[in-house]
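Here are a few friendly notes to read alongside the model. I begin with the sheet, then move to the helices and the core.

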Amino acid sequence: GTYAVDLIKLKKDLEFLRETSLFFLKEKEIIRVTNSYNFISSVQIKKKYPNSIKILITENVPVVSEINDKKRYYLTKDGKKIKYMELEAFKNLPVIFGNHKNFSLLIKQLEISNFSLNKIKAFYYFDVGRWDITLKDNRTIKLPEKNYEKVLIQIESVLNNSSFSKYKVFDYRIKDQLILQ
């Protein structure tokens, strides 16, 4: 069930475990090997006496890719950066342009408001501390710097309302106002 970890390479890197007694097993050595894989978030080691171990690996799952200073990374929902590599499973992730400052807070608010990340093409962070969200249908939501939680709760109903279908920009930057373009 892994997307990014090359299990064949990992098994080869853990080959030193073969013919090692469970009593002399060095868990720190296993952790050292698994820490060299960017996508591995946690490892559980269970000794199964008399002669085997079970290693459970949990992968970091990126929610976006980030482009900042001409470098590209994946970001998890808790803000952890992972070195970018071309992976089929993650090719349609939204992209962040600019700094990912406060991104984990934005993702948390999107989850609370039940706004689907699958609809999002890109996030744009501006140094003044606010976000623009571009959807896959090329509509843009301009969020205010503060208190955008209320906007995220109501935006789904606005986007789905046929009366607003002709508009491409939904600007919420001015408090208690929606400016349409």
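1. In this predicted model, nine strands make up an open sheet with mixed pairing, ordered E5-E4-E3-E6-E7-E8-E9-E10-E11. Its edges are strand E5 (81–83) and strand E11 (179–180), each of which pairs on one side only.

2. Do have a look at E7 and E8, which pair in the antiparallel sense over six bridges. One residue to pick out is Tyr-125, whose bridge partner in E8 is Trp-131.

3. Two helices deserve a moment of your time. H3 packs on the sheet and touches E3, strand E4 (71–76), strand E6 (95–97), E7 and E8; the direction of H3 makes about 135° with that of E7. H4, for its part, lies across E8, strand E9 (140–142) and strand E10 (169–171), and runs at about 150° to E10.

4. Now for the interior. The largest nonpolar core has 25 residues, and those touching the most other members are Phe-103, Leu-106, Leu-110, Phe-123, Ile-133, Ile-141 and Leu-143. Two or more residues come from each of strand E3 (62–68), helix H3 (103–112), strand E7 (120–126), strand E8 (130–135) and helix H4 (149–160). With five residues, H4 gives the most to this core.

5. Which residues does Leu-143 contact, leaving aside neighbours within four places in sequence? Leu-143 is in contact with Leu-106, Arg-130, Trp-131, Asp-132, Ile-133, Tyr-148, Val-151, Leu-152 and Arg-173.

6. Please don't overlook another core, which lies apart from the largest one and has 19 residues, including Ala-4, Leu-14, Leu-25 and Phe-39.

Methods: Residues are numbered from 1 along each chain as its sequence is written. This is a predicted model: local features need pLDDT of at least 70, side-chain atom pairs count only at pLDDT 80 or more; totals for chains, interfaces and linings use all residues. Side-chain values use heavy atoms; hydrogens and water are left out. A nonpolar core is a set of buried Ala, Val, Leu, Ile, Met, Phe, Trp, Tyr and Cys residues joined through side-chain atoms within 4.5 Å. Buried means under 20% relative accessible area, exposed over 50%, partly exposed in between (1.4 Å probe, protein chains only). Helices (H or I, at least four residues) and strands (E, at least two) are DSSP runs, numbered from the N terminus. Contact means heavy atoms within 4.5 Å. Two strands pair if DSSP finds at least two bridges between them. Axes are lines fitted to C-alpha atoms, for helices over the stretch in contact, and angles run from 0 to 180 degrees between N-to-C directions.
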